[in-house]
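Trainee: I should like to study this structure by asking about charged pairs, cores and cysteines in turn.

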Amino acid sequence: MKITILGAGVIGVTSAYYLAKAGHEVTVLDRQPGPALETSFANAGEISPGYASPWAAPGIPQKALKWLFMKHAPLIIRPMVDAATWRWMTAMLRNCTSTRYAINKGRMVRLAEYSRDCLIALREETGIAYDHRTQGTLQLFRTAKQLDGIGKDIEVLKADGVPFEVLDPAGCVAAEPGLQPVRDKIVGGLRLPNDETGDCFKFTNELQKRAEAIGVRFRFGVDIRRLRQDGNRIVAVETAEGEIRSDIFVAALGSYTPALLMPLGLRLPVYPVKGYSITVPIVDETRAPVSTIMDETYKIAITRLGDRIRVGGMAEIAGFSNDLPQTRRATLEHSVEDLFGGAGDQRQATFWSGLRPMTPDGTPVIGATHFTNLFLNSGHGTLGWTMACGSGRVLSDLISGAKPEIETADLAISRYH
């Protein structure tokens, strides 16, 4: 079949690769001059299936109030009179129950674990290189209350058969020797030894080359205007360069997917939750992290990417703003310097922000719509890199009429209806 994918981030490119491998004729459109130049560009770099968790969790409303008054807050809400913002936040709050959290985390971990397996297979098949490491994720706790609160996560990890280790401070230092000078700031950690790290931007660009080699056509610098329908089918995508017809259309535009779908009567509850990162060159190997550390206090990931440290995090409710306030940079610098002081040269760090496409339940939306030839692959939030390969493979199977290797019914947009 002839398939057109809208979006060339890590989700769009992995979808294109798997669909081409399945024998389809694939074209990818994107407004940027190359792949992975928006949300996929400088994310935290972690591939953390075991840490796949919805932001909507029990106790989050109370924590959010506390965070509003923190100097280095993990959540920032800018005052906005915007119906879409408040509708999404209300839906998220409805998911902050123990029952909903368990359901949402369970399906997120299912997809993320499968995606990690797909990534390993793809890496072995292609030899793709992207500064990857396979040394796990360490969720670091600075307070006893944080450590005592991991019970629900451990239940889900056990239920899904995900390996984990609960560590004391000595165990945390054994996993990450660079933490030795700040051992007294740590009360413990939860280590997920099967997690990985890697540069999402490098991966997406390398995979784009491999996708092109098997026939995928990439058209960059193309503004996508709207989808044109005829009854229950999409007949074309209208672009600044003219109309493009296809048998199948895949919407993978991240935070911009809802605007594309709205004229069709499809309401996709995806909101652009802003995140920030700094990328810091390493100047002292003995102090640098060896993999990913999740600083639970600030909800910040500190990841080793080759000769750099990527520090990413925070959730800012600010619509489609992409500004770079220095106060956010200060939070990222504080987290990494407090734990790995002197490892990197902050004077040479680069500062970035991206819009994470988040659903109120944390789970992405993958699969068919009520239009017979329109499919979605969007809403991955902070886990687009973690879930990319699995999402692309699942989508390819669904479009090709093959039975996916994991349950997918609860990933579709129909769960919101």
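Trainee: Is Asp-323 buried, exposed or partly exposed?

Mentor: This is a predicted model, in which local features need pLDDT of at least 70, side-chain atom pairs count only at pLDDT 80 or more, and totals for chains, interfaces and linings use all residues. Residues are numbered from 1 along each chain as its sequence is written, and side-chain values use heavy atoms, with hydrogens and water left out. Buried means under 20% relative accessible area, exposed over 50%, and partly exposed in between (1.4 Å probe, protein chains only). Asp-323 has a relative accessible area of 33%, so Asp-323 is partly exposed.

Trainee: With which residue does the side chain of Asp-323 meet in a salt bridge at 2.4 Å, N to O?

Mentor: A salt bridge is a side-chain nitrogen of Lys or Arg within 4 Å of a carboxyl oxygen of Asp or Glu. The partner has a relative accessible area of 0% and is therefore buried. The residue that meets Asp-323 is Lys-274.

Trainee: How many residues apart in sequence are the parts that this pair ties together?

Mentor: Helices (H or I, at least four residues) and strands (E, at least two) are DSSP runs, numbered from the N terminus. Asp-323 lies in the loop between strand E17 (308-317) and helix H10 (326-340), whereas Lys-274 belongs to strand E14 (residues 271-281), so the parts tied together are apart in sequence by 49 residues.

Trainee: Which residues touch the most other members of the largest nonpolar core?

Mentor: A nonpolar core is a set of buried Ala, Val, Leu, Ile, Met, Phe, Trp, Tyr and Cys residues joined through side-chain atoms within 4.5 Å. The largest one has 58 residues, and those touching the most other members are Ile-5 and Phe-203.

Trainee: Where does this core lie?

Mentor: Domain bounds come from an automatic or database domain assignment. Domain 1 (2-41 + 202-268 + 362-416) and domain 2 (46-198 + 271-358) both contribute residues, so the core lies between domain 1 and domain 2.

Trainee: Why is there no bond between the sulfur of Cys-118 and the closest cysteine sulfur?

Mentor: A disulfide is a pair of cysteine sulfur atoms within 2.5 Å. Cys-118 is buried at 8% relative accessibility, and Cys-389 is buried at 2%. The closest cysteine sulfur to that of Cys-118 is in Cys-389, and it is too far for a bond because the distance is 6.7 Å.

Trainee: How many disulfides does this rule count?

Mentor: The rule asks for sulfur atoms within 2.5 Å. By this rule, the number of disulfides is zero.
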